[in-house]
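Hello,

Here is the structure I promised to pass on. Please open it first; my notes follow below.

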Amino acid sequence: MRHQLNTEIGTLLDKVRASTPLIHHITNYVTVNDCANMTLAIGASPVMADSIHEVRDMVSIASALVINTGTLNEATVASMLAAAKQANAKGIPLVLDPVGAGATPYRTETVRQLLQQARFSVIRGNLSEIRVLAGLDEQTRGVDATAVFDTNSQQQEMQAFIENTARKLNTTLAVTGAIDIVSDGRRICFIKNGRPEMARVTGTGCMCSSLVGAFLPMAESPFIAAVAAVACMGTAGEIAYGNLLPQEGNASYRNRIIDAVYNLTAAQIAEQARLK
Amino acid sequence: MRHQLNTEIGTLLDKVRASTPLIHHITNYVTVNDCANMTLAIGASPVMADSIHEVRDMVSIASALVINTGTLNEATVASMLAAAKQANAKGIPLVLDPVGAGATPYRTETVRQLLQQARFSVIRGNLSEIRVLAGLDEQTRGVDATAVFDTNSQQQEMQAFIENTARKLNTTLAVTGAIDIVSDGRRICFIKNGRPEMARVTGTGCMCSSLVGAFLPMAESPFIAAVAAVACMGTAGEIAYGNLLPQEGNASYRNRIIDAVYNLTAAQIAEQARLK
Amino acid sequence: MRHQLNTEIGTLLDKVRASTPLIHHITNYVTVNDCANMTLAIGASPVMADSIHEVRDMVSIASALVINTGTLNEATVASMLAAAKQANAKGIPLVLDPVGAGATPYRTETVRQLLQQARFSVIRGNLSEIRVLAGLDEQTRGVDATAVFDTNSQQQEMQAFIENTARKLNTTLAVTGAIDIVSDGRRICFIKNGRPEMARVTGTGCMCSSLVGAFLPMAESPFIAAVAAVACMGTAGEIAYGNLLPQEGNASYRNRIIDAVYNLTAAQIAEQARLK
């Protein structure tokens, strides 16, 4: 247990609830409703807008912007690029959820453009997506080949890979999956919360990225914001799992996860987050 | 209590259930699923369609059209304008939910165009959105400045403002928030139902607009339809709140609100609506 | 009871769970989240992508493609056509859910183009949609007029109509509604599961089409896949209805249907499916 960090994320949760920051999302149409309710559950306020005619204006009145590449098209990619640049210009913290990077050349290319044209406070993805981002960087800057490792056994290699990639991309990485790791290239934190059943609910990753967005405006650093978001999501996943009734499955689990974030207290998250 | 109005909205609910009107929505992709299930819950039938190639045809077979500006783009704005004009031409009742009017110039301008090119039976929004609409009208027609008032104390000023705005916009306004007010510029009704926790569920406003759409085809006047919708939403919010279990939060609350509308009876709404 | 078919669909469910096929959807934004969670509930993996810049790549790595015309626009229609042709070229099974065919000329024309340019393994729709498809075929090929019959009394005519239409369209039809019928033009199966209340939940048809997509990659034939999907949906509808609490309605029913599929076992589906 890292007592100071645990206390910090509890305090941060209270700050979000006291200030209700507006979190602008340019996101996919699959999990967008869950992201909106999750943003409300943590105590922030969501707004979704993706037209090129308004994203610059919308991000300018927001406290953070979450860009999620779950369902892309020409119009929304242009809006993502414009909004990301505007966020950077205005000093508004920016989150990237590179959903499906590597699955198609279009997604990979879109993520490459986003990384080239904007600086992200936090990038949250699964290990496979983060590997693609690391590879992009290598292609672009000619650095050494992407580390390959087994997620279960080679924790040291994974740790080094994530720290290096965070430094290369000049961001804070939140890599979520079997193990959750946050690193800004200098500090690293393993978050041992969550349940494997969360993978059977669509959008748990997207919702976690919304939480990162909600924490960023109040956080001392993107690192703290990302640790808080991942810990909240994992803790809520555990609480919600405990609340499931025998005949319930992934649809009820989705609702119970959002409900658990809604009811999460600063004391609870400080107590139950397993940070290492 | 306004006994006659209470009885009328109960009767109207039964009429909707008996006739299952088709309610065409051009709406946002955030809360669209909740709007569809809410439309089914009240006993109507939803259809969502936003392509310029079909909105005129779709609205022509519908009993009402709900236009919601929650997520706009060039294509859907063109469809909104075309469908709204077709609805007017065919005498099909039309609802506007001007989500985010005032938040960006694009939204404000879109709402201005909609108001210029079509006549809406009911406009449902929060006070801030309705103020923007009133301002538009002033800019456009050079009338006196928007009234400014404190929503809690200055109820008389608010009442006058809403009645005046309804007359100026030649519509029925349903202003929802801490207090819910419906006025067609001639009559006014305060609806004292609902729970503050409804603001922590995304889409309660959008769902209320869907209810307005469902009530309009069977209602004697847009005023009755709007009162019925706001009263149903508020009453359902109270019932659903009472059904929440200790560990439940905003995601379960959303489901329980829709469930409460599904199970709402004419007697219940006539009895529990607090109209003044 | 058709004991062999019952056993086969139980076995098929286990195969889906063991192999987690990737199911690409080009679908509407109303029920997309439910389709994603339903795909996860049955044990498959969903991916939604509709940009012309990536649908060919995405379908090429998928095990099946589900095309749903619930919310169409120029961009997604082009993507549907491109992805469908690519699926055919790669031998990837293809499902069509012709939502709203007949409601507007645009929908009907889009479905006509899809049928002309691609061959679908399974088409799942309600009787009204399938009639429109049969009519298209007649217009195109100059065959005799669409059979007209009463769904309740004239079961023989309906059976003949569905078998003939399946043969003419060279596909397997899954017609769902008051009675569920699957036919590949040679075999026919009546599935007597489900509850009328399922019609008050938006997207039960769309979710059923997602299940067809999930079963197709592992199934011996499209006929078995369609029977399995319709039987799972109907059985889950019955189980979920039994799990509803007194104050629950269509929103909770939606969740409980997905939950029931999540918890459905091979033995349960083999036992409870009423196939004839």
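B:Asn28 touches B:Asn68, B:Gly70, B:Thr71, B:Cys206 and C:Tyr29, leaving aside residues up to four places away in sequence. Keep in mind that this is a predicted model. B:Asn28 sits in the loop between β1 (22-26) and α2 (32-42) of chain B. Is B:Asn28 buried or exposed? Its relative accessibility is 3%, so B:Asn28 counts as buried, the cut-off being under 20%. Its side chain makes two contacts worth a look. One reaches the backbone nitrogen of B:Val30 at 2.8 Å. The other is a polar contact of 3.0 Å with the side chain of B:Asn68.

Next, how the chains relate. A turn of 120 degrees, with a shift of 0.0 Å along the axis, lays chain B on chain A with an RMSD of 0.0 Å. That is the relation of a three-fold axis. Which residue of chain B comes closest to the rotation axis? It is B:Tyr29, at 3.6 Å (C-alpha). Only 11% of the interface residues of chain B are also interface residues in chain A, so the copies meet through different surfaces.

Last, the sheet in chain A. Eight strands form an open sheet in the order β2-β1-β3-β4-β5-β6-β7-β8, with mixed pairing. β2 (45-48) and β8 (188-191) of chain A stand at the edges. Each has a single partner strand, so one side of each is left without a neighbour in the sheet. From one strand to the next, the twist averages 20 degrees. Helix α7 (residues 155-169) of chain A packs on this sheet, touching β5, β6 (172-175), β7 (180-183) and β8 of chain A.

Best wishes

Conventions:
Residues numbered from 1 in each chain as written. Chains lettered and ligands numbered in written order. Predicted model: local features only at pLDDT ≥ 70, side-chain atom pairs only at ≥ 80, totals over all residues. Heavy atoms only, no water. Least-squares fit on C-alpha atoms with pLDDT ≥ 70 in both. Contact = heavy atoms within 4.5 Å. Helix = DSSP H or I, 4+ residues; strand = E, 2+ residues; numbered from the N terminus. Buried < 20%, exposed > 50% of the residue type's maximum accessible area, 1.4 Å probe, protein only. Polar contact = N/O pair within 3.5 Å; in protein donor to acceptor, adjacent residues only side chain to side chain. Pairing = 2+ DSSP bridges. Axes fitted to C-alpha atoms, helices over the stretch in contact; angles between N-to-C directions.
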